[in-house]
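Student: Could you take me through one part of this model up close, and then show me how that part sits in the rest of the chain? I'd like one connected answer rather than a list.

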Amino acid sequence: MLETLDAATTAARLPYAALADAIAQVLRDARAGRALAPARLVMPVAGGGSLLLMPASNADIAITKMITVHPHNPGQGLPAIH
């Protein structure tokens, strides 16, 4: 079953300062040509939704931001974005 976390629980489970620093470094490296950050990949999913994949990497870290968007979920009492 999918667990949906509120903002406070998410903040408690993630080291945001370290994560933000790592993401900022990847962005600086990408601008300097020392990292890869290809264009976002968008894939359709059942029910009219989308899966968004945004990878990036440098010499120290590889990350992927993954989001699913389900525009019809709010009518069913579910979040539109996961």
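**A close look at Asn73**

Tutor: Let's start with the contacts of Asn73: leaving out residues up to four places away in sequence, Asn73 touches Leu78, Pro79, Ala80 and His82. Keep in mind that this is a predicted model. As for where we are, Asn73 lies in the segment after β3, the strand made of residues 62-69. Is Asn73 buried or exposed? Its relative accessible area is 13%, and the cut-off for buried is under 20%, so Asn73 counts as buried.

Now set that against the whole chain. Of its 82 residues, 15% count as buried. The surface the chain exposes comes to about 6,100 Å², with carbon and sulfur atoms supplying 64% of it. You'll find two helices and three strands here, and from the N terminus on they run α-α-β-β-β. The radius of gyration is 16 Å, well over the 12 Å that the globule rule gives for 82 residues, so the chain is more spread out than a compact globule. If you want a box to picture, the C-alpha atoms fill one of roughly 45 × 30 × 20 Å along the principal axes. Contacts tell their own part of the story: take those between residues at least 6 apart in sequence, and 17% of them join residues at least 24 apart. As for charge, the chain has 6 positive and 5 negative charges, and their mean positions are 9 Å apart.

Let's walk along the chain, beginning with helix α2, residues 16-31. At 1.5 Å a residue, its 16 residues should span 22 Å, and the end C-alpha atoms are indeed 22 Å apart, so the two values agree. After α2 comes Gly33, with a positive phi near 80°. Gly33 belongs to the loop between α2 and β1, the latter being residues 41-45. With a relative accessible area of 61%, Gly33 is exposed. What about a partner from further along the chain? Asn58 is 25 residues away from Gly33 along the chain, and their C-alpha atoms are separated by 9.5 Å.

Next stop is strand β2, residues 49-57, which is where you'll find Met54. Met54 has 22% relative accessibility, so it counts as partly exposed. Skipping residues up to four places away in sequence, Met54 touches Arg40, Ile63, Thr64, Lys65 and Ile67. Pick out Lys65 from that set: Met54 and Lys65 are eleven residues apart in sequence, yet 5.0 Å apart in space, C-alpha to C-alpha.

That brings us back to where we began. Put the three residues side by side: Gly33 is exposed, Met54 is partly exposed, and Asn73 is buried.

Definitions and conventions: Residues numbered from 1 in each chain as written. Predicted model: local features only at pLDDT ≥ 70, side-chain atom pairs only at ≥ 80, totals over all residues. Heavy atoms only, no water. Helix = DSSP H or I, 4+ residues; strand = E, 2+ residues; numbered from the N terminus. Rg over C-alpha atoms; globule rule 2.2 N^0.38 Å. Buried < 20%, exposed > 50% of the residue type's maximum accessible area, 1.4 Å probe, protein only. Contact = heavy atoms within 4.5 Å. Areas by Shrake-Rupley, 256 points an atom, 1.4 Å probe, with all protein chains shown as cover. Lys, Arg positive; Asp, Glu negative; His and termini not counted. Charge placed at Lys NZ, Arg CZ, Asp CG, Glu CD. Expected span 1.5 Å × (residues − 1).
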